[in-house]
Amino acid sequence: MSSDHIHIEVAYATPERQQIIPLRVAAETSVADCIAQSGICTAFPEIDLNEQKVGIWSKTVKLDQCPREGDRIEIYRPLIADPKAVRRKRAEQAVDDGRADPVTGGRRR
């Protein structure tokens, strides 16, 4: 392999399916260009890079950043619920059901 190209992956997943596309791109290719070259937006037309965040190995990055050899570019779906609100509701339900201590909210022993 010449040093002016790198191997990367572009990944996207929905609850129904996931796709990981391996690519060989020029070393200075931006994340946005890697995504475009992968063709993943054709397979998942709901992807909107103006709205959705992207990352490399679970760390968000900007579209103009350049990946390194072996990186996986991930396109994240928007959250449908606030994780803190979901945990709070689950804890309140546990107290109401008698599965949690009403004072501390922890599990009963």
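**Figure 1. Arg72 is partly exposed, at 21% relative accessibility, and forms a salt bridge with Glu9.** The model is a predicted one, in which local features need pLDDT of at least 70 and side-chain atom pairs count only at pLDDT 80 or more, while totals for chains, interfaces and linings use all residues. Residues are numbered from 1 along each chain as its sequence is written, and side-chain values use heavy atoms, with hydrogens and water left out. Buried stands for under 20% relative accessible area, exposed for over 50%, and partly exposed for values in between (1.4 Å probe, protein chains only). The closest N and O atoms of Glu9 and Arg72 are 2.9 Å apart. Glu9 lies in strand β1 and Arg72 in strand β5, so the salt bridge ties together parts that are 63 residues apart in sequence. Glu9 has a relative accessible area of 25%, so Glu9 counts as partly exposed too. The structure holds one salt bridge, defined as a side-chain nitrogen of Lys or Arg within 4 Å of a carboxyl oxygen of Asp or Glu.

**Figure 2. Five strands form an open sheet with mixed pairing.** Strands (E, at least two residues) and helices (H or I, at least four) are DSSP runs, numbered from the N terminus. The order across the sheet is β2-β1-β5-β3-β4. β2 and β4 stand at the edges with a single partner strand each, so one side of each has no neighbour in the sheet. On average, neighbouring strands of this sheet are turned by 35° against each other, direction ignored. Such angles are taken between N-to-C directions, from 0 to 180 degrees, with axes as lines fitted to C-alpha atoms, for helices over the stretch in contact. Along the sequence the chain reads β-β-α-α-β-β-β-α, with three helices and five strands in total.

**Figure 3. Strand β1 pairs with β2 and with β5.** Two strands count as paired if DSSP finds at least two bridges between them. β1 (residues 5-13) and β5 (residues 72-75) run parallel, with three bridges; here Val10 has Ile73 as its bridge partner in β5. The pairing of β1 with β2 (residues 18-26) is antiparallel and has nine bridges. Glu9 of the salt bridge in Figure 1 stands opposite Pro22 in β2. Four residues lie between β1 and β2, and the two strands form a hairpin.

**Figure 4. Strand β3 is joined to β5 and to β4.** β3 (residues 54-56) runs antiparallel to β5, and three bridges join the two. One bridge partner pair is Val54 with Ile75 in β5. β3 and β4 are also antiparallel and are joined by three bridges, and Ile56 stands opposite Lys59 in β4. Helix α1 packs on the sheet and touches β1, β2, β3, β4 and β5; its direction makes about 115° with that of β2.

**Figure 5. Trp57 and Ser58 have positive phi values.** Most residues other than glycine have a negative phi. Trp57 has a phi of about 50°, and Ser58 has one of about 70°. Trp57 sits in the loop between β3 and β4 (59-61), and this loop also holds Ser58. Because its relative accessibility is 45%, Trp57 counts as partly exposed. Ser58, at 62%, counts as exposed.

**Figure 6. Val61 is a buried residue of strand β4.** Its relative accessibility is 18%. With neighbours within four places in sequence left aside, Val61 is in contact (heavy atoms within 4.5 Å) with Val31, Val54, Gly55 and Ile56. The C-alpha atoms of Val61 and Ile73 are 9.2 Å apart, and the two residues are separated by twelve places along the chain.

**Figure 7. Ser38 lies in helix α1 (residues 31-38) and is buried.** At 12%, its relative accessibility puts Ser38 in the buried class. A polar atom of the Ser38 side chain lies 2.6 Å from the backbone oxygen of Ile35. Apart from neighbours within four places in sequence, Ser38 contacts Val10, Ile21 and Leu23. Val10 is the residue bridged to Ile73 in Figure 3. For the chain as a whole, 28% of its 109 residues count as buried.

Notes:
Polar contact = N/O pair within 3.5 Å; in protein donor to acceptor, adjacent residues only side chain to side chain.
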